[in-house]
Amino acid sequence: MQNSAYYLNKKNTKSNEIRICLNCDLLQNVSDLKPGFNARCRRCGCILVSKNSGALNKSLALTIASLILFFPAVCFPLLRVKLFGETKSASILNGASDLFNSGFFFIAALVFLFAFLIPFLKYLTLFYTLLSVYFRIKLPFVSRVFKIYCLIKSFAMEEVFLMAALTALTKLDSIADYEIESGFYFFSAFIIISVSAISVITDSEIWERLENL
Amino acid sequence: MTHYDETSGDEKTIIACNVCSKLHYCEKSFKDTVKCVRCGSRIYKRKKDSAQKTWAFLIAALIFYIPANIYPIMTFSAFGKTRGDTIISGVNAFIKSGLWPLAFIVFTASIFVPLAKIFGLMFILCSIKFKWDLFYKERTKLYFIVEFIGKWSMLDVFLISLLTSIVSLGNIASVTPGPGITYFAFVVILTLFAAMSFDPRLIWDNNNKNER
């Protein structure tokens, strides 16, 4: 007796691929895509497959760049504020440790977690996985590492922090003189590059490549 | 999604892994203990207890939203005078000083977005409960919007953390976070979890037209 997995595989010729829509659970055939095109779900319109030429190269390069930019972005001061004759500079790590020292542990933990630790882990795990996929070496625990990436990726809020810094600037505008410091530019560059690193490759493509290592 | 095997007549189920979207061909009565061959996470037909969990997170978020608005989110003290700002009075202060775009940003991030998330998800959950046969695409889109805007309500928390670390000159001028911001952070985190635990495939379970 033929089992259904075999049946489906037989039908699954080279030019056709069976895909299931993750958002509405519709099973459909996707024909071979040209690079640069997306296949959308017939029923709900969400993207099923997207092919991007050289996605792996681009995304590895951009991930390395964003990891390099991450440290100056986080450690260098974002703003320098002159308030009643006293100058203060604020960076993410400084701000978190300031809050911790003044006893606001919960807020300090939130800033440290969502603006520093989770973004860092996100790009580190992505880098590790892409490295493994790119050189076709099965690095230890690579699928577990990428699973961690999939779980934490929606909790990284570095771009929200940048927006908050801009809002803080405008709020302080009436009472203080401020200067934008180098960290701000590093941070903006980090966000632009990291967002493009993620958007050139889809998670399902990385999973497929991981499976075929 | 059930798949009918023409040769054997067995009904098999094709299930996509929730984490890595690998397809699995399972028996109709498969058990929850099956693990994904690719990423090792458990396979569920739908996220486990999705609607219940989402309701729980949403109701908790709605409860936390009340103290978040009553208590001051920050206190500003300058030269011995202290002023507590709640979320709404903060927006008001921006409007009074004529900073309209800023008032808009803070209003959107800290009042509109949390409420839109809570009530948007509640609406979707109710529509599933009452088996609406309408607006499938739009409801899916609404879920994606809710998921996308979620983290932007964290802006207020970051804003206050920045102001606290910048404006800390002891008696001359200082900003301290108030109890409201803790509750507000809980609201944001709970709504994030609510959006994560919701499974958009539940919306489409009621749709039997144009399958395959």
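**Exercise 1. Find the loop that holds Phe141(A), and classify its backbone and exposure.**

Solution.
- Step 1: place the residue. Phe141(A) sits in the loop between α4 and α5 of chain A. Helices are DSSP runs of H or I with at least four residues, strands are runs of E with at least two, and both are numbered from the N terminus.
- Step 2: note the source of the coordinates. This is a predicted model, where local features need pLDDT of at least 70, side-chain atom pairs count only at pLDDT 80 or more, and totals for chains, interfaces and linings use all residues. Residues are numbered from 1 along each chain as its sequence is written, chains are lettered from A and ligands numbered from 1 in the order in which they are written, and side-chain values use heavy atoms, with hydrogens and water left out.
- Step 3: read phi. For Phe141(A), phi is near 60°, a positive value in a residue other than glycine. Most residues other than glycine have a negative phi.
- Step 4: read the exposure. Phe141(A) counts as exposed because its relative accessibility is 58%. The classes are buried (under 20% relative accessible area), exposed (over 50%) and partly exposed (in between), with a 1.4 Å probe and protein chains only.
- Step 5: check Arg136(A). Arg136(A) lies in the loop between α4 and α5 (142-152) of chain A. Its phi is near 55°, again positive in a residue other than glycine. At 63% relative accessibility, Arg136(A) is exposed.

**Exercise 2. Work out which parts of chain A the salt bridge of Glu181(A) and Arg80(A) links.**

Solution.
- Step 1: apply the criterion. A salt bridge is a side-chain nitrogen of Lys or Arg within 4 Å of a carboxyl oxygen of Asp or Glu. Side chains of opposite charge can pair when their charged atoms come close.
- Step 2: test the pair. Glu181(A) and Arg80(A) qualify, at 3.1 Å from N to O.
- Step 3: locate both ends. Glu181(A) is in the loop between β7 (177-180) and α7 (182-199), Arg80(A) is in strand β5, and the two are 101 residues apart, so distant parts of the chain are linked.
- Step 4: compare burial. Glu181(A) is buried at 15% relative accessible area, whereas Arg80(A) is partly exposed at 34%.
- Step 5: look at a second contact from β5. Leu79(A) belongs to strand β5 (residues 79-83) of chain A. Its relative accessibility of 1% makes Leu79(A) buried. The C-alpha atoms of Leu79(A) and Ser182(A) are separated by 8.3 Å, with their positions 103 residues apart along the chain.

**Exercise 3. Trace salt bridges that cross between chains, starting from Glu159(A).**

Solution.
- Step 1: take the total. The count comes to 6 salt bridges over all chains.
- Step 2: take Glu159(A). Glu159(A) pairs with Lys151(B), with closest N and O atoms 2.8 Å apart. The pair runs from helix α6 (residues 158-172) of chain A to the loop between α4 (136-149) and α5 (155-166) of chain B. Both Glu159(A) and Lys151(B) are buried.
- Step 3: take Glu211(A). Glu211(A) forms a salt bridge with Arg38(B), at 3.3 Å between the closest N and O atoms. Glu211(A) lies in helix α8 (residues 203-211) of chain A and Arg38(B) in the loop between β3 and α1 of chain B, so this pair joins two chains.
- Step 4: classify the ends. Glu211(A) is partly exposed at 36% relative accessible area. Arg38(B) is buried at 11%.

**Exercise 4. Describe the nonpolar patch that includes Phe112(A).**

Solution.
- Step 1: set the rule. Patch residues have over 30% relative accessible area and no salt bridge; like charges are joined within 9 Å, and nonpolar side chains (Val, Leu, Ile, Met, Phe, Trp, Tyr) within 5 Å. Areas come from the Shrake-Rupley method with a 1.4 Å probe, and for residues only the protein chains shown count as cover.
- Step 2: list the members. They are Phe112(A), Leu113(A), Leu117(A), Leu121(A) and Leu124(A), with about 360 Å² of accessible area together.
- Step 3: place Phe112(A). Phe112(A) is in helix α4 (residues 105-134) of chain A and is partly exposed at 34%.

**Exercise 5. Outline the domains and elements of chain B.**

Solution.
- Step 1: split the chain. Chain B has domain 1 (1-45) and domain 2 (50-204); the bounds come from an automatic or database domain assignment.
- Step 2: gauge the separation. The C-alpha centres of these domains of chain B lie 38 Å apart.
- Step 3: count elements. Chain B has 7 helices and 6 strands.
- Step 4: check burial. Of its 212 residues, 50% count as buried.
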